[in-house]
Amino acid sequence: MIETLIELLKAHWLEIATALASAGIGWFFGHRKARQAWRKKEFLDRLNVSLNTLHDGKLLIRTLLEKRCEDIFLNKVASETVLKAAGQTTSSDSLLPLPPADYWYYLNAVLNEISEKFADGLLRRDLGIPVRGETYLVCITCECAGAMRTRKLRAMLVQKRVLQQLPAEPPRFEREEHSTRWQTLRQLATSYASQPERFLELELCA
């Protein structure tokens, strides 16, 4: 058996060496890319769903969920498209520049994740149990301005009426870097008024 193995190695040593070299090169560049992402604090392979609330004159930012892009969009090509679009956002427009006809498909995938998290509220309402419901807007962003601690793909979730009635004066912030999120919300309000197709509306109950 050992002799057979040696003969196979002699006959296919080039293919084996090529495969090992390819694996080694792939590991090296993958590891280097991960180190660079950590150094820059960029985690663009993940999607964070961020709830943005104005409460008693203060901006509150809370994470509802965070998953790998491929676990949300369920398609490698779709995930790669989102990542590419994330690299094209600017400090003046943090919304992902996707083809208008495609926004619904990407946003619907995010909506499904959010709806699953709040399914109990919808079921309680259907059963006649008192709940409170509110209409929200969701869009996909990649903030690249200001001093956010990490750069991620973020699905911004905000009450529709809040986004449409943002006060002219900035609210109080829990952290100084949250001023960037206020700038983003101002951008979103302007964009929703002129390009509503970049947003998706959903009702949540609790």
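Here is a short conversation about the predicted model shown above.

Biologist: Before we start, what pLDDT do local features need?

Modeller: Residues are numbered from 1 along each chain as its sequence is written, and side-chain values use heavy atoms, with hydrogens and water left out. In this predicted model, totals for chains, interfaces and linings use all residues, side-chain atom pairs count only at pLDDT 80 or more, and local features need pLDDT of at least 70.

Biologist: Thanks! How many helices and strands does the protein have?

Modeller: Helices (H or I, at least four residues) and strands (E, at least two) are DSSP runs, numbered from the N terminus. Along the sequence they follow α-β-β-α-α-α-α-β-β-α-β-α-β. The secondary structure comes to seven helices and six strands.

Biologist: Which element gives the largest share of the largest nonpolar core?

Modeller: A nonpolar core is a set of buried Ala, Val, Leu, Ile, Met, Phe, Trp, Tyr and Cys residues joined through side-chain atoms within 4.5 Å, where buried means under 20% relative accessible area, exposed over 50% and partly exposed in between (1.4 Å probe, protein chains only). The largest such core has 32 residues, and L47, F73, V110, I140, L153 and L157 have the most contacts inside it. Elements supplying at least two residues each include strand 1 (42-55), strand 3 (133-141) and strand 4 (151-159). The largest share, seven residues, comes from helix 4.

Biologist: Nice. How many residues of strand 4 are buried?

Modeller: R151, L153, A155, L157 and Q159 point one way from strand 4, while K152, R154, M156 and V158 point the other way, and all are buried. In a regular strand the side chains alternate between the two faces of the sheet. For strand 4, the buried count is nine of its nine residues.

Biologist: And what is the bridge partner of L137 in strand 4?

Modeller: Two strands pair if DSSP finds at least two bridges between them. Strand 3 and strand 4 run antiparallel and are joined by six bridges. L137 also belongs to another core, of 15 residues, which lies apart from the largest one. Its bridge partner in strand 4 is V158.

Biologist: Now the outside: is I129 partly exposed or buried?

Modeller: I129 is found in the loop between helix 5 (119-126) and strand 3. Because its relative accessibility is 39%, I129 counts as partly exposed.

Biologist: Finally, what percentage of the 206 residues is buried?

Modeller: In soluble globular proteins, nonpolar side chains tend to be buried together. Here, the buried share of the 206 residues is 36%.
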